[in-house]
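Hello,

Here is the structure I promised to pass on to you. Please have a look at it first, and then read my notes underneath.

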Amino acid sequence: MSHSVPQAPGLRRLPFGVPAVIPGRTLSFGLTLFWVTALVVLPLTALATKPFGRGFKVMLHALGDARALHALALSFGCALGAASLCTLLGLLLAWVLERVRPPGWRLLDALVDIPFALPTAVAGITLTSLYAPTGWIGAPLDRLGIKVAFTPLGITLALVFVGLPFVVRTVLPVLRELPRELEEAAETLGARPGQIARRVLLPALAPALATGFGLAFARGVGEYGSVIFIAGNRPMVSEIAPLLIVIRLQEFNYAGASAIGLVMLLAAALCLLAITALRRRLPASLGVRLGGAA
Amino acid sequence: MGVDLRNISCLFGRTPAVRDISLRVSNGEFLALVGPSGAGKTTLLRIIAGLEPNYTGQLSIGARDVTRVPARERNIGFVFQNYALFRHMTVAENVAFGLRVRPRKRRPARAAIAARVSELLELVQVGPLAQRYPTQLSGGQRQRVALARALATEPELLLLDEPFGALDPLVRKEIRTWLRRLHERLGLTSILVTHDQSEALEVADRIAVLRDGSLEQVDTPDALEDRPSSLFVHQFLGETVGFDASAGTDGAILSLNGPWNGTPARFPEPATAPGPGPGRRHLSLRPWEIGLEPTDAQGAARVTGMGRAGPFLRYAVRAPDGSHAVEVLRPSSLPPLPEDGGCALDLRLARVFAQPGADDTGA
Amino acid sequence: MSVSPPLRRSPMALGLTLLAWLAAVLFLLLPLASLGTEALRKGLGGVLRALADDDALAAIRLSALVVAVCVPVNTVCGLFAAYALTKYDFPFRGLLLVLIELPLSVSPVVAGLVWVLLFGAHGWFGPWLAAHNIAVVFALPGILLATLFVTFPFVARTVMPVMESQGRAPEEAATMLGAGFGSVFLRVTLPEIRWALLSGVLLCAARALGEFGAVSVVSGHIPGQTETVPLHIETLYNGYDTVGAFSLAAVLALCSGAMVASRTLMDWLRGRRSVAR
């Protein structure tokens, strides 16, 4: 179908000033641009330029600081570990909820949303009391010699708590859309359970799992409220990057604070871009639910 | 209200969707825009409606130049492809919408609106469904409600975008004839977009055939069938059988080319040929327009198969060298032809076109 | 992990199901139970006493004010943004989408930090604000701005997929019938998305109510003045008033839990209804 298209006479693109068909373009655009500029673009520009305010070197120096490096490594490392654990647990919960439907699955389904419902500070103090050496879980673990609260392990567990629903809520709808016949067809073709999981289920769920992982990771890197209580906040041990930003601010070290902030902003933007790209491969109907999840 | 399009063009990005179309629709006429998908027919309809503001050229409805008039002020009734009924409103509310949103000065009284709505619902024969929601209606009923909604503001021009596309074949036929009657009764000017040529042939006074954004031919259904301006039009409007042929200096067809070369055949009068002079031609016919005459002559075509097709017998007719076959329909009232017998072709009803791609046609 | 259909009713499925329940109880149910237990350690009276405290009441009032300001602003703006993004074509649409989503993935602390950089004593507008005696950071405006930032995308994001799935046909049909912007928006667009809108508003409110990190950065932590409920919980907790902290926490959890639950219930009912059709 490749034939040359002769240019018809008088053909030209009309200027942008052509009135839109659906009324309200000027108003909705104006308001949107004002809203986005005032609340997002302006503040983020301030963040993006501040670290360089006193030169590139100062910025590098602020980041090169051992304490800052450790805090960043701790935040990213714990988020990575937590997101991985979330992905495993989330897949398990989603599969059980959708395919097994055990008695009481509705309760199980409701439980998954608890972390969405708990404000971060509430989650923080609750998890701390739970995992403290005197807590319900912390005490038995303490007797086994495992310390959770005030260690990176505690941070990771808190991040698993806040990240878990993201994975379940991303994977579950995709699994629901995935016809059971697909698995059954593989079974009739003689595939073993392991093969079905590896060759049929996981490839189909991979974009959803990756999206869920990305969401949990992004949330984990920046998480503050649910972590600071359980972290103990010892510098170089259990001090997360967001907390260090707060500390630098209290020291009036704006360049230091914004240098760390900028790194976190870039990480968030990268995660968002990756998630956006992945989301295109998910069913469109998912958008509504994810809107809630995020 | 007549519609006058002058040099209408429209670009989508850098691809022209509609190319320099000039077309006049007279008052009370029912025009169908047909063409394969991507031909620009829906774009043209949306341009007339004002839903596609990015166009050049001039557009008048009646005596009024509406080129730069926004859609909401053109007073056009538009029936969308999937009806676009408001799902949260009842049937009655849907129909009343156009009247309710008028500025207070021009808005009819509440009672007047209600009266008009029930009148319209009666007109489209869905009166008892007034309090239903669109999701509770069948496809045909939705179609009727969409039409009633479009007619509520008393437009003089009605535009319909693939109005039968989503209906099942039985309902489709019924709604089609009903729509035609309604058009006549209300004295509307209507423009309909469809990709189904049989629909257009049945409903429309005139048909505009579009191809790649350009207007190929505008004419009555009979004229399009008898005198298609191009092979494309003839092929688009129905099943065709084609033969390559050569013409002599006076324009008369002398012989068939290719595998059919030498087959005894009768050809149309020279007057039907596209321009005088020798050259290559293409003959195009409907399968039932080809006559078959038994013959023992050298190089005759062969009947190689036969089957019933409604009131016709379907013959597979093969070229002498066996390389090429065409299907011919022949009334079953005629005496059947012997299988594997020779036959001559009667192609006098053929439309003659300059051969596509031939040097001397100038096309 | 081997998960597959023949497993559905096999011993292995039972094992996986038990594992799932164990994980859910351990990670999800126990924290909730512990929250309730800690709050009720001194009985219902203890909870009520903690809530009747002046600073607690002030914090509740401030949180209510924050919700009352942020939710309408982000609802109206979010609606218009979703409308602009789905009903019109324009360049850089993708960029605008990313900008609207960005606050979701940015750390709450960063969300607070940016306002300090803009309006703090050493910020862009700091000297000017100081000269005119206007307090933004460590005062109410800062708290509002920080909450606006973190709750920014919720309404736009929940509403947009629904608007997208409906396409432009309803608005175009309304336009053809002579409707202006007011009629199109209020009578056609808004009713078609009302459930998604309600859902987005609930999310936005729950987050505005519970936001901690962002507000913590810009609040001066002055009890009774610039402390929202989550911040006051922190103060109480760090002051070893466990019952007070957990009482407030339980109330907060009940409020935002109710919002999230009603949203789930709504989705569930709506989902069933659309299946029933």
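Below is what I found, starting with a word on the model and the numbering.

This is a predicted model, in which local features need pLDDT of at least 70 and side-chain atom pairs count only at pLDDT 80 or more, while totals for chains, interfaces and linings use all residues. Residues are numbered from 1 along each chain as its sequence is written, and chains are lettered from A and ligands numbered from 1 in the order in which they are written.

The largest nonpolar core (buried Ala, Val, Leu, Ile, Met, Phe, Trp, Tyr and Cys residues joined through C-beta atoms within 7 Å; buried means 20 or more other C-beta atoms within 10 Å, exposed 12 or fewer, with C-beta atoms placed from the backbone) has 185 residues. Its largest share, 17 residues, comes from helix H3 (residues 66-100) of chain A; helices are DSSP runs of H or I with at least four residues, and strands are runs of E with at least two, numbered from the N terminus. Leu93(A) is one of the residues touching the most other members. Among its contacts (C-beta atoms within 7 Å) are Val112(A) and Ala20(C). Apart from this core lies another of 86 residues, including Leu31(B) and Ala173(C).

In chain B, strands S11 (residues 241-247) and S12 (residues 253-256) run antiparallel, joined by three bridges; pairing takes at least two bridges found by DSSP. Ser246(B) has Ser255(B) as its bridge partner. Five residues separate the strands of this hairpin, and Gly251(B) in the turn has a positive phi of about 90 degrees.

Gly238(B) sits in the loop between helix H8 (231-237) and S11 of chain B. Gly238(B) is exposed because 12 other C-beta atoms lie within 10 Å.

Best wishes

How values were computed:
Two residues are in contact if their C-beta atoms, placed from the backbone, lie within 7 Å. Lists of a residue's contacts leave out its neighbours within four places in sequence.
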